[in-house]
Amino acid sequence: MCGIVGYAGGRDVIPVLLGGLSKLEYRGYDSAGVAVVCEGGLIVRKTKGRLDGLRRLVEDCSVADTAGIGHTRWATHGEPSFENSHPHTNCAGDIAVVHNGIIENYLKLKDWLRSEGAVFVSDTDTEVVAHLINYHYRGDLLEAVSKTLPRLEGSYALGVVSSKHPGLIIAARKDSPLVIGAGSGENLIASDIPALLEYTRDVYFLRDGDVAALTRDEIAIYDSYGARARREAYHVDWDVSQAERGGFEHFMIKEIHEEPKAMADTFSPRYRDGHIDISETGIDERLVANIKKINIIACGTAYHAGMVGKYVIEELARIPVEVEVASEFRYRRPIIEPGQLVLIISQSGETADTLAAMREAKQKGAKIAAIVNVVGSSISREADAVFYTHAGPEIAVASTKAYNTQLMAIYMIAVEIARMAGRLEPGAYERLASGLSGLPDLIKKVLETKNVIQRLASGYFSKNSVFFIGRGLDYVLSMEASLKLKEISYIHSEAYAAGELKHGTIALIEKGTLVVAIATQERLLEKTASNIKEVKARGAHVLAVCFEGNKMLENLADEVIYLPKTDDIFAPILAVTPMQLFAYYMAVEKGCDVDKPRNLAKSVTVE
Ligand code: G6P
């Protein structure tokens, strides 16, 4: 989704803006632009395509001691083009705006502004904001923006500059992320922290409805009533290098290698002397007392983590769990009883559908627990209890380490809920807790087999279609394995419950079709083996994923990826890493842009 940066300070502004935008490239974009206040007015340069094009356009510009804003656009209203790229300006060209989100009532506003004499040059919803600010402008930019905001329906993070106010940026947010960076003699805004880290580690998260005025020496934040507001400062404790590739060819492979550490960072601070303690998250006896049902809501990879949660919570705690994608939940008039527990899962904590679904559930009286990676994000601020995964920044669009840590969190929550509900057999708690503590080291072992997976991918990457099959937890994992492959390699793939194949999908299996059969669950092995035989009989090439020492699979499959042995219930955590590596190497072999797959965005802040 769109990325915003803004800078007010003494440096040459354009390189700061370009540097910041490059740190936001991972969000996905199709055009880019900047607006900088200079002596003669506003310099606005923008272009369809990547940042390199913009870089060439601004080679002749050098303006220090002023303010500027920059933007990477992910098209929603209007195709990627010069006209539709941000920043957008008013007719006089003295006010420039960058925006992330969607102004839902823009057509109505556009008609009205036209009747007031405004001339529009783009198809975007954003352009109305520039004209509205112009309409309300009476010499005070903050006042003009503040008068504009109540007229906007929808979501926005905004950055505004004007040639009449050199050195000033006005920023505002509602339902789209925006962070303020507090530097020394310079202040910044950005959609995400990595864009600020070169200049400061001290940030403020704006709340919905906030407006801020930034100059090089001051940050003034106002709430939606116009009162001066104090917002908690947050010191970023992760290193800038964590948001850089550090010698790896792509962020994705770097982040897969970070999984053992990320998982340990999720688990270890909450594990003492053989006991899991998650009370600091707010998920405690009071929150889970008397719960009869749990709803899990999420999108994308986080939804798949939720599916694992269903199997594991139901297995261990014997409490029914319903899992739903957020975009369905929010529009389905869901039945939520007051006091019911709703578990939200989101890496970014900003996904628009997930946030809206959470608010819907909260409004119906649910208690909200959230598993979130990004500290201070909207979901984390609004939930009743927050389990931070501490995975560190995840830059690649395809989620990897964040997923592994979401699973660690879910297993810890499942074990704790089962313990509190008194549903664990004697000895089970200790076995599960110690099993979890050993997982980061087992992932290290899995990573040692990456050459095997790379070799397999080099033989398979020209396939047009791949099927992932499994039963129980293996089926749930298949869904994530399939999504990963689709996202980054653009190879069509489907995940199927192995027992369901014969009800339709098996018609697609022909000689040479690649079927990845995940078979880690001992009690379902015979059943999955029968399904493997069914596809083999129709000519499929089978790649099996199973625990080491599984002779049955070795004899049945054409190729096998082995996992180090652990308790069956933990298999989805161990098996996902080879599947991520598989998708990665397939995409690399195909020459795809692994970290920035086409049409996708890391943080989906629009519906
Ligand atoms: C986007 C990303 C996915 C992610 C999903 C949910 O679609 O491309 O990788 O799983 O959003 O994001 P969240 O931040 O809520 O986990």
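This text examines one sheet, the aromatic pairs and the charges over rings in a predicted model.

The sheet is open and consists of 6 strands, arranged in the order S5-S6-S7-S8-S12-S13 with antiparallel pairing. Its edges are formed by strand S5 (88-89) and strand S13 (219-222); each has a single partner strand, so one side of each is left without a neighbour in the sheet. At the S13 edge, the partner is strand S12 (residues 211-214), which runs antiparallel to S13 and is joined to S13 by 4 bridges. Within this pairing, Leu 214 has Ile 219 of S13 as its bridge partner.

Attention now turns to the aromatic side chains. Across the whole structure, 7 aromatic pairs are found. One of them is formed by Phe 267 and Tyr 271, whose rings are tilted, with 4.6 Å centre to centre and 40 degrees between the planes. Phe 267 has a relative accessible area of 3% and is therefore buried.

A further pair, Tyr 460 with Phe 582, is edge-to-face, with 6.2 Å centre to centre and 65 degrees between the planes. Because Tyr 460 lies in helix H15 (residues 450-460) and Phe 582 in helix H19 (residues 571-590), this pair ties together parts that are 122 residues apart in sequence. Both Tyr 460 and Phe 582 are buried.

Aromatic rings also meet charged side chains in this model. Lys 46 lies over the face of Phe 82, at 5.6 Å from the ring centre. Over the ring of Tyr 490 sits the charged end of Arg 598, 3.8 Å from the centre of that ring.

Technical notes. Residues are numbered from 1 along each chain as its sequence is written. This is a predicted model: local features need pLDDT of at least 70, side-chain atom pairs count only at pLDDT 80 or more; totals for chains, interfaces and linings use all residues. Side-chain values use heavy atoms; hydrogens and water are left out. Two strands pair if DSSP finds at least two bridges between them. Helices (H or I, at least four residues) and strands (E, at least two) are DSSP runs, numbered from the N terminus. Rings of Phe, Tyr and Trp (its six-membered ring) pair if their centres lie within 6.5 Å; planes under 30 degrees apart count as stacked, over 60 as edge-to-face and the rest as tilted. Buried means under 20% relative accessible area, exposed over 50%, partly exposed in between (1.4 Å probe, protein chains only). A charge sits over a ring if NZ of Lys or CZ of Arg is within 6 Å of the ring centre and within 35 degrees of the ring normal.
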